[in-house]
Amino acid sequence: MAKDNIPPLHTLERPEKLQDILKQDRGDDCLPCRVIGGSAFLGLAAYSYYSGHSQLTKAQAEILASKSFFGMRSRRWAITGLSCGMAYLGLYRLFK
């Protein structure tokens, strides 16, 4: 009865391969899901880049007058870096 379904002890002592577990866990990823997800990240990257830089140019006088430790250059780099990171995530989602 139930004794036929019990695996032998030596198979239980071996750990499963990580790659096999990850393949089972990944599931299906259809093309429309990748396209929508990737384009959402790319759109968010473009929006954050253009809106962030336009807001910086509008507030440039206030930022320079405040004598902040974070000047215009570091703020531009932060916005550009954030946008590049989201663009990378979008491309990764599209092609992986």
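Helices (H or I, at least four residues) and strands (E, at least two) are DSSP runs, numbered from the N terminus. The structure described here is a predicted model, in which local features need pLDDT of at least 70, side-chain atom pairs count only at pLDDT 80 or more, and totals for chains, interfaces and linings use all residues. Residues are numbered from 1 along each chain as its sequence is written, and side-chain values use heavy atoms, with hydrogens and water left out.

Helix α2 spans residues 18–26 and contains Q24. The terms for accessibility are used as follows: a residue is buried under 20% relative accessible area, exposed over 50%, and partly exposed in between (1.4 Å probe, protein chains only). Q24 counts as exposed because its relative accessibility is 64%. Along the chain, Q24 and R93 are 69 residues apart, and their C-alpha atoms are separated by 19 Å.

Helix α3 holds two serines to be considered in turn. S48 is located in helix α3, and S48 is classed as buried because its relative accessible area is 13%. A contact, in the sense of heavy atoms within 4.5 Å, links S48 to I79, S83 and M86 when residues up to four places away in sequence are not counted. A polar contact is a pair of N or O atoms within 3.5 Å; within protein, one must be able to donate a hydrogen and the other to accept it, and residues adjacent in sequence count only if both atoms are side-chain atoms. The side chains of S48 and S83 are joined by such a contact of 3.0 Å. In addition, a polar atom of the S48 side chain lies 3.1 Å from the backbone oxygen of A45.

The second serine, S51, is likewise placed in helix α3. With a relative accessible area of 17%, S51 is buried. A polar atom of its side chain lies 2.7 Å from the backbone oxygen of Y47.

Attention now turns to helix α5. G81 belongs to this helix and is partly exposed, its relative accessible area being 40%. Between G81 and A45 there are 9.8 Å in space, C-alpha to C-alpha, although the two are 36 residues apart in sequence. Y88 is also found in helix α5; because its relative accessibility is 54%, Y88 counts as exposed. The C-alpha atoms of Y88 and K67 are separated by 33 Å, with their positions 21 residues apart along the chain.

Y88 also takes part in a surface feature. Together, F41, L44, Y47, Y88, L89 and Y92 make a nonpolar surface patch of about 660 Å². Two elements, α3 (31–58) and α5 (72–95), give two or more residues to this patch. Patches are made of residues with over 30% relative accessible area and no salt bridge, where like charges are joined within 9 Å and nonpolar side chains (Val, Leu, Ile, Met, Phe, Trp, Tyr) within 5 Å. The salt bridge excluded here is a side-chain nitrogen of Lys or Arg within 4 Å of a carboxyl oxygen of Asp or Glu. Accessible areas come from the Shrake-Rupley method with a 1.4 Å probe, and for residues only the protein chains shown count as cover.

The cysteines remain to be described. C33 is partly exposed, with a relative accessible area of 37%, and C84 is partly exposed at 48%. Where a disulfide is taken as a pair of cysteine sulfur atoms within 2.5 Å, the count comes to zero disulfides.
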